[in-house]
Amino acid sequence: MSTSVLVHLLLERISWRKQPRVPEPDLVMESVVQASSFSQAGEDDGVLAFLYFYNALQITSLLQPGDRVLDLACGPAHQLVQVARLNPDVRFVGLDASPAMLECAQSTLARAHVSNVELMQGDMTRLMGLEDGSMDGVICTMSLHHLPDHAALCTTLREVRRVLKPQGRFYLVDFGRLKLLRTQRFFADDLRQPPQFTEDYFNSLRAAFSVEELSAAVAPLGPDVQRHVTVLAPFLMVFRSAFQRPMDPQTLQRAKAAFANLSAAHQGNFRSVASWFRASGYALPCDPD
Ligand SMILES: C[S@@+](CC[C@H](N)C(=O)[O-])C[C@H]1O[C@@H](n2cnc3c(N)ncnc32)[C@H](O)[C@@H]1O
């Protein structure tokens, strides 16, 4: 970790100020330019590839063959591809409100030759067309901060509870609200991405819910859903069901092959994020390294 990152983490830790939440200027990512800029970041060589792989491993430990799993606000489906490849015996439904994103998602799935994912257009605050208790799992990565306010967040989580089976499992990762504007700016710029992505990421950090807001919204899912946050990465928060399936040898082999496909830089980023969460007591279900 560089000195400047450490300085910003320290400033965050000791600051008594708190930035107010600033909702995303584009709640649903309807612009084709924005959708394709975000989609590029999720490609194999894109800046988000290592994070999708990290999530995919954590999500895999929640799933069992035969499950039906909903990805809320799936965007361009890069997360779905990674998790669907690791779990070919699970059926996934990717839902998003943006036709431009769903078009990107369609092409991501076709290029990846993944066939266990179907897509649907819909609003995550009203899961129309999805029946009560119809899902074994619901996952949601980096999307809830696109909701307009806390009321919409609570409505969405109530919908999640409605569509989940009683023993259904849940995985949520989203940005954490940083306290300082200068820390938000620093972490957005630190990724050194093209301007469109950098501004989108900055807006996402500003729109992030606080850990207290997310915890309150997730609470109706019950005590089984646990919160994982770390001072080493206050810009990320994970909430997930406690259930943990041991990873079978075939899945582990697929995970190792996917890890080997990441670039050296992404492998390094993956190790970092895994070690930050491990230090806060949240380990990976396997070591693909
Ligand atoms: C930052 S992207 C994340 C996409 C994906 N989950 C990922 O990790 O790559 C946020 C997505 O949320 C979608 N979105 C925003 N509001 C929504 C809503 N009310 N219902 C469904 N999708 C929504 C946007 O269109 C966009 O695709």
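Here are some notes on how the strands, helices and ligand shell fit together in this predicted model.

1. Start with the sheet. It is open and has seven strands, in the order β3-β2-β1-β4-β5-β7-β6, and the pairing is mixed. Look at the two ends of that order: β3 (117-121) and β6 (225-229) are the edge strands, and each has a single partner, so one side of each has no neighbour in the sheet. If you compare neighbouring strands, they are turned by 20 degrees against each other on average, direction ignored.

2. Now zoom in on one pair. As a reminder, strands of a sheet pair through backbone hydrogen bonds, either parallel or antiparallel. Strands β4 (residues 135-141) and β5 (residues 164-174) run parallel and are joined by six bridges. One to find for yourself: valine 138 has phenylalanine 170 in β5 as its bridge partner.

3. Next, the helices on the sheet. Helix α4 (residues 78-86) packs on it and touches β1 (68-72), β2 (91-96), β3 and β4. The direction of α4 makes about 175 degrees with that of β2. Helix α3 (residues 49-60) lies across β4, β5 and β7 (237-241), and runs at about 160 degrees to β5.

4. Stay with α3, since it also meets another helix, α11 (residues 264-279). Their axes come within 8 Å and cross at roughly 50 degrees. An angle of that kind is neither roughly parallel nor roughly perpendicular, so α3 and α11 are oblique to each other. The crossing of α3 and α11 is right-handed. On the α3 side you'll find Ala49, Phe50, Leu51, Phe53 and Tyr54, which meet His266, Asn269, Phe270, Val273 and Ala274 of α11. Sorted by class, the residues of this contact are eight nonpolar, two polar and no charged.

5. How are α2 and α8 set against each other? Helix α8 (residues 195-207) and α2 have axes 9 Å apart and pack at about 90 degrees, and they are therefore roughly perpendicular. From α2, Val33, Gln34, Ser37, Phe38 and Ala41 meet Gln196, Phe197 and Asp200 of α8. Here the contact residues divide into four nonpolar, three polar and one charged.

6. Finally, the ligand. Which of the 21 residues around it come nearest? They are Ala73, Gly75, Ala97, Ser98 and His146. The elements giving two or more residues to this shell are α2 (32-42) and α4, so keep both in view when you look at the ligand. By class, the shell has ten nonpolar, nine polar and two charged residues.

Methods: Residues are numbered from 1 along each chain as its sequence is written. This is a predicted model: local features need pLDDT of at least 70, side-chain atom pairs count only at pLDDT 80 or more; totals for chains, interfaces and linings use all residues. Two strands pair if DSSP finds at least two bridges between them. Helices (H or I, at least four residues) and strands (E, at least two) are DSSP runs, numbered from the N terminus. Axes are lines fitted to C-alpha atoms, for helices over the stretch in contact, and angles run from 0 to 180 degrees between N-to-C directions. Two residues are in contact if their C-beta atoms, placed from the backbone, lie within 7 Å. A residue is near a molecule or strand if its C-beta atom, placed from the backbone, lies within 6 Å of it. Ala, Val, Leu, Ile, Met, Phe, Trp, Tyr, Cys and Pro count as nonpolar, Asp, Glu, Lys and Arg as charged, and the others, Gly among them, as polar. Angles under 35 degrees count as roughly parallel, over 145 as roughly antiparallel, 65 to 115 as roughly perpendicular and the rest as oblique. A crossing is left-handed if the near helix is turned anticlockwise from the far one by less than a right angle, and right-handed if clockwise.
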